[in-house]
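Dear colleague,

I am handing over the structure we spoke about, and below it you will find my notes on what turned up when I went through it. Please read them with the sequence and the coordinates open beside you.

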Amino acid sequence: HATMSTYLENYLESVSTLPAELQRNFGLIRELDEKSSGLMVDVEQYITEFQRSNHQKITDQYPEETVKRLRTNLQTCMELGDEKVALAVQTYELVDKHIRRLDQDLKKFEHELSQQQKQHSQAANNLSKAKGKRPLAEKTKSPRPPSTRSQAPVAAGFDMPIDPNEPTYCTCGRVSFGQMIGCDNPDCPIEWFHFECVGLTGAVKGKWYCPVCTSKRQKEKSLKGGAPSAPSTPAPK
């Protein structure tokens, strides 16, 4: 999926020529307006001349020529006005095209962002469901690469980036990394433990109970009148 910066870069590239196009259109409109203004000054002079000649009762030939000039100039002014309107419409559509594209990009980005959030939420739910099931074999993950200064903040005392959406395990409350082992007590509140946190250096034989569950089992046996048993945590292999 494209990021917001990608959409922004593409949009800025598409509008890079817009200022020059607008300047050209505005310049043409200004030139047409100056021509129209000059013609209208001539039209006013022709009207004044026509009125004066008619008032002095000069021959009909001169007023007729003046009328023709008036018609020609007025027709030219109308044509110039149509050109200005066409340029104005073209300029509006040019700007509106970029506005529509921006709206489309924003809607597309919002849709992709919503899809990503749904995927992340689904992944988090799947992890939560998986965490509630007791695994049959020990869980091992590849170690994470060391963090750098440009990455997210790290937990105090550990060179590891923090993801607020990643589930945590073990008595240390850290995320999954390295070799991990699951407690065989189905009601274990923690379930997964790092080897280093429970003093293991390798795989264990038989069932394995975490220190929390081992202590709880010993207390329960003691309350029932039985002698406290030895810790049930097997020695490393």
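I start with a contact between two helices, bearing in mind that this is a predicted model. Lys-84 and Asp-33 form a salt bridge in which the closest N and O atoms lie 3.0 Å apart. The pair ties together distant parts of the chain, since Lys-84 belongs to helix H3, which covers residues 61–131, while Asp-33 belongs to helix H2, residues 18–55, and 51 residues separate the two. As for its surroundings, Asp-33 is partly exposed, with a relative accessible area of 37%.

This is one of four salt bridges that the structure holds, and two others deserve a description here.

Within a single helix, Asp-105 pairs with Arg-101, and here the closest N and O atoms are 3.7 Å apart. Both residues sit in helix H3, and because they are four residues apart there, about one helical turn separates them. Asp-105 has a relative accessible area of 15%, and therefore counts as buried under the 20% cut-off. Arg-101, by contrast, is partly exposed, at a relative accessibility of 33%.

The other pair lies further along the chain, where the side chains of Glu-196 and Arg-174 meet in a salt bridge with an N to O distance of 2.9 Å. This one again links distant parts of the chain: Arg-174 is in strand S2, which spans residues 174–175, whereas Glu-196 is in the loop between strand S4 (192–194) and helix H4 (211–223), and the two are 22 residues apart. The partners fall on opposite sides of the burial scale, for Arg-174 is buried at a relative accessible area of 9%, while Glu-196 is exposed at 54%.

To place these pairs in the whole, the chain contains four helices and four strands, and from the N terminus the order of elements is α-α-α-β-β-β-β-α. Of its 237 residues, 26% are buried. The chain exposes about 16,900 Å², of which carbon and sulfur atoms supply 55%. If we count contacts between residues at least 6 apart in sequence, 56% of them join residues that are at least 24 apart.

With best regards

Methods
Residues are numbered from 1 along each chain as its sequence is written. This is a predicted model: local features need pLDDT of at least 70, side-chain atom pairs count only at pLDDT 80 or more; totals for chains, interfaces and linings use all residues. Side-chain values use heavy atoms; hydrogens and water are left out. Buried means under 20% relative accessible area, exposed over 50%, partly exposed in between (1.4 Å probe, protein chains only). Contact means heavy atoms within 4.5 Å. Accessible areas come from the Shrake-Rupley method with a 1.4 Å probe; for residues, only the protein chains shown count as cover.
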